[in-house]
Amino acid sequence: MSDDPRPPVTLFQAPIRLDYTVTAGRNLTRYLRALAQRRIIGGRCPECQKVYLPPRGSCPTCGVPTDTEVQIADRGTVTTFCVINIPFEAAPFPPPYAAVAIVLDGADQPILHLLRGIPPDEVRMGMRVQAVWVPDHELAPTLASIRWFEPTGEPDAPFEAIKDHL
Amino acid sequence: MHADSGDLLTAPYVLEYTYQRSTGPVIGRFLTALRDARIEGVRTAGGRVLVPPLEYDPDSSEPTGEAVEVGQSGVVTTWSWVGAPRRFHPLAHPFAWALIRLDGADTAMLHAVDAGDAAAMRTGMRVTARWRAERIGSIRDLECFVPEGGAR
């Protein structure tokens, strides 16, 4: 038998790794390129009139192309939020910080982003927030062109304004 | 509306799970033997030798029995040439995936054969193990198999 002083093998590393190349498609490509120009665009369904953000090219409810591109504001309303208290490897900031769902003015679907400029324990549903964009030289075709959101100081939106977007 | 430039954006996207798995007693013994540059199978109640070892006999569903060391050479029972190896393949140059029935074994084990060229591969050919110098208790301790008596 073995003279190996190492203990018998009981464990082994079995990483599973999938290397994808993601193609954005026509609608997401336009959406991402617009972000590099400090613009946010959505897609309106001609039947139910809902504005999808990001635009996907079709309305999953009505099954028709969302052929109208619409400009979306870079300010909106917090629908829901989560305060992160636990550090992890890919965390953007040391905790605590707030991750928020924001329905931007003109859109019918919330986006997920970060909220700064307010203590995390004061974040509220209905809070009005404004995008903080990166400097021009950091603009790129990614939602990270918005660095984070900050409160606008406007009065909170009523629950009615967000109840259909939760 | 604004003009579509025509080119679609693409980006790399990696999904990775860093699993660590427990071997159980049978595979653990197999991997420990590989670390010693030995190849072990198990004998079933019916007398067959399974390499690589299984915990249960696929014929009877009964637990398999004693460990059996088998030879380091064997016969290619079937193979497939890999002309353009990818990043995580065992060899960086073209090779064959092959099922190899080692001397003393009744089943065949999947491994790589470094034959140089597909023309050097044939079913029934004899191959022998090439070991890594540094072994950790992994199937990759067996670097590959090479044609027996061949130049490689």
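Begin by showing chain B and chain A together, which bury about 3000 Å² between them, with 54% of that area on carbon and sulfur atoms. Keep in mind throughout the tour that this is a predicted model.

Next, select the residues that take part in this contact, of which 33 come from chain B and 32 from chain A. Across the interface of the two chains there are 17 residue pairs in polar contact, counting pairs in which both residues have pLDDT 80 or more. On the side of chain B that touches chain A, strand 1 (10–17), strand 2 (20–22) and helix 1 (24–35) of chain B each supply at least two residues. Strand 1 of chain B gives the largest share of that side, with eight residues. If you colour the residues of this side of chain B by character, they divide into 13 nonpolar, 10 polar and 10 charged.

Stay with strand 1 of chain B and add strand 2 of chain A, residues 16–23, to the selection: these two strands pair in the antiparallel sense over eight bridges. Within this pairing, look for A:Arg17, which stands opposite B:Glu16 in strand 1 of chain B. With the side chains of A:Arg17 and B:Glu16 displayed, you can find a salt bridge, in which the closest N and O atoms are 3.5 Å apart. Between chain B and chain A the count of salt bridges is three.

Now move to helix 1 of chain A, residues 25–35, where eight of the 11 residues are buried, so the helix is largely enclosed by the rest of the structure. To see which residues these are, select A:Asn27, A:Leu28, A:Thr29, A:Arg30, A:Tyr31, A:Leu32, A:Ala34 and A:Leu35. Then bring in strand 3 (40–44), strand 5 (68–72) and strand 9 (128–133) of chain A, which are included in what covers the buried residues of this helix.

For the last stop, select A:Val64, which lies in the loop between strand 4 (51–52) and strand 5 of chain A. Is A:Val64 buried or exposed? A:Val64 counts as buried because its relative accessibility is 16%, and the cut-off for buried is under 20%. Leaving aside residues up to four places away in sequence, A:Val64 touches A:Cys45, A:Pro46, A:Glu47, A:Ser58 and A:Cys59. You may also draw a distance from A:Val64 to A:Cys48, which is 16 residues apart from it along the chain, and find their C-alpha atoms separated by 9.9 Å.

Key:
Residues are numbered from 1 along each chain as its sequence is written. Chains are lettered from A and ligands numbered from 1 in the order in which they are written. This is a predicted model: local features need pLDDT of at least 70, side-chain atom pairs count only at pLDDT 80 or more; totals for chains, interfaces and linings use all residues. Side-chain values use heavy atoms; hydrogens and water are left out. Contact means heavy atoms within 4.5 Å. Buried area is the accessible area (1.4 Å probe) that two parts lose on being put together, summed over both. A salt bridge is a side-chain nitrogen of Lys or Arg within 4 Å of a carboxyl oxygen of Asp or Glu. A polar contact is a pair of N or O atoms within 3.5 Å; within protein, one must be able to donate a hydrogen and the other to accept it, and residues adjacent in sequence count only if both atoms are side-chain atoms. Helices (H or I, at least four residues) and strands (E, at least two) are DSSP runs, numbered from the N terminus. Ala, Val, Leu, Ile, Met, Phe, Trp, Tyr, Cys and Pro count as nonpolar, Asp, Glu, Lys and Arg as charged, and the others, Gly among them, as polar. Two strands pair if DSSP finds at least two bridges between them. Buried means under 20% relative accessible area, exposed over 50%, partly exposed in between (1.4 Å probe, protein chains only).
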